[in-house]
There are 2 protein chains.
Amino acid sequence: MVGTPDFAQMLRRCGGRATPGRLRLMRALWKETAPVTAARLQKSLGGALNLATLYRALDALAEDGVVRRVDFRHGHAHYELAAPARAHHHHLACTGCGAVEDVACTLRPRLKRTSAFSTITDHAMEYFGLCKACGARGPERGGRIWTGAGE
Amino acid sequence: MVGTPDFAQMLRRCGGRATPGRLRLMRALWKETAPVTAARLQKSLGGALNLATLYRALDALAEDGVVRRVDFRHGHAHYELAAPARAHHHHLACTGCGAVEDVACTLRPRLKRTSAFSTITDHAMEYFGLCKACGARGPERGGRIWTGAGE
DNA sequence: CAATAAACGCGAATTATTTGCAATAATATC
DNA sequence: GATATTATTGCAAATAATTCGCGTTTATTG
Ligand SMILES: [Mn+2]
Ligand SMILES: [Mn+2]
Ligand SMILES: [Zn+2]
Ligand SMILES: [Zn+2]
């Protein structure tokens, strides 16, 4: 992971097309140092992509695990590059100024002193998976069963 | 924590008023077994509270830490009773059917086999706190500094 | 009981995100 | 390289969750 990853190949491997728009999107995400909003991303792309298109691309990429959606409790989503471009990790967000610091995922986060943060006032941790019933039902073709509609 | 907590006192201790609406809200939350949406909560209250009022109450309560906002990646928030009524914990949510299971917070979550779930496909973990700059600045009267407006 | 500020309902406004649809362009095939 | 197939795109309109303004009610305090 020395130079820039081959995004074109990465996109195609996920069953997508390497369009100029998505390539720019990947490169823009690659440069980011912290999760960004769709709106900010669009600006950073010089408005190259329509916002609706951008959301669609991000959704597709998140679906494939190439992009990770992050919730900082701001009322909107943030996105960042995930595997295989970037190693799995978590975040520490400042509720005061919005500063974000990466945190390694030890799955044993007895957070030690961190350089840029003084206090940890709260944390969120949610696990996602399949209950036995759904797991037994097998990977229903197409994935997602429960859409969340109405709840 | 044998019987029902004294919600009236709990509300007043947080600088709020023990209105019939908020008392019913607390009792409704107390009965819930998993985080619920504002809309669902309103129904469970028989529409006793206006949705806007409900959101205002939930915000205030979350502010005081009495209520915890949970993100299950459904595009809307879920709420549940927190301290001192309920012990701190986390969740395991089924992306298939939406089933939710509580997970103890060991801060060392090497998730062992759990009863109702077969697989854990993903998890989210975000920490919140204050960076050194904000921490040094002290608890600005009123709390929140960064509103997230515009980002 | 009167004063004060919190809480309420209602309707309108915001915001993030999604969708329908017709036009384009990337990939696979020939 | 030309062609068929299908994903992607832009744009405008639609949703859905959450918030706000404001005039009215009511809990709390003394
Ligand atoms: Mn990160
Ligand atoms: Mn719970
Ligand atoms: Zn800060
Ligand atoms: Zn399930």
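Here are a few friendly notes to read alongside the structure, which is a predicted model.

1. **The metal site.** A good place to start is the manganese ion (ligand 1). Four residues of chain A coordinate this ion: A:Glu80 through OE, A:His89 and A:His91 through NE2, and A:Asp102 through OD. The distances run from 2.2 to 2.7 Å. Along the sequence, the spacing of the donor residues reads E-x8-H-x1-H-x10-D. A:His91 sits in strand β3 (residues 89–94) of chain A and A:Asp102 in strand β4 (residues 100–104) of chain A, so this pair ties together parts that are eleven residues apart in sequence.

2. **Two of the donors, side by side.** Are A:His91 and A:Asp102 buried or exposed? A:His91 counts as buried because its relative accessibility is 0%, and the cut-off for buried is under 20%. A:Asp102, at 41% relative accessibility, counts as partly exposed.

3. **Two domains in chain A.** The domain assignment splits chain A into domain 1 (1–86) and domain 2 (87–151). Ten residues from domain 1 of chain A and eleven residues from domain 2 of chain A take part in the contact. Between them, the two domains of chain A bury about 810 Å², with 49% of this area on carbon and sulfur atoms. Which three residues supply the most on the domain 1 side of chain A? They are A:Phe72, A:Arg73 and A:Arg86, which together give 46% of the area that domain 1 of chain A buries against domain 2 of chain A.

4. **Polar links across that interface.** Look for salt bridges between domain 1 and domain 2 of chain A and you will find zero. Polar contacts do occur across this interface, in three residue pairs.

5. **Salt bridges elsewhere.** Side chains of opposite charge can pair when their charged atoms come close. Over all chains, the count of salt bridges is four. One of them joins A:Glu32 and A:Arg40, whose closest N and O atoms are 3.9 Å apart. Here A:Glu32 is buried at 17% relative accessibility, whereas A:Arg40 is partly exposed at 38%.

6. **A pair to look up in each chain.** In chain A, A:Asp59 and A:Arg69 form a salt bridge at 3.2 Å, N to O. Helix α4 (residues 51–63) of chain A holds A:Asp59 and strand β1 (residues 67–70) of chain A holds A:Arg69, so the pair ties together parts ten residues apart in sequence. In chain B, B:Arg69 and B:Asp59 form a salt bridge, with their closest N and O atoms 3.2 Å apart. B:Arg69 is partly exposed at 37%, and B:Asp59 is partly exposed at 36%.

Methods: Residues numbered from 1 in each chain as written. Chains lettered and ligands numbered in written order. Predicted model: local features only at pLDDT ≥ 70, side-chain atom pairs only at ≥ 80, totals over all residues. Heavy atoms only, no water. Donors = N, O, S within 2.8 Å, 3.2 Å for Na, K, Ca; no water. Helix = DSSP H or I, 4+ residues; strand = E, 2+ residues; numbered from the N terminus. Buried < 20%, exposed > 50% of the residue type's maximum accessible area, 1.4 Å probe, protein only. Domains from an automatic or database assignment. Contact = heavy atoms within 4.5 Å. Buried area = accessible area lost by both parts, 1.4 Å probe. Salt bridge = Lys/Arg side-chain N within 4 Å of Asp/Glu carboxyl O. Polar contact = N/O pair within 3.5 Å; in protein donor to acceptor, adjacent residues only side chain to side chain.
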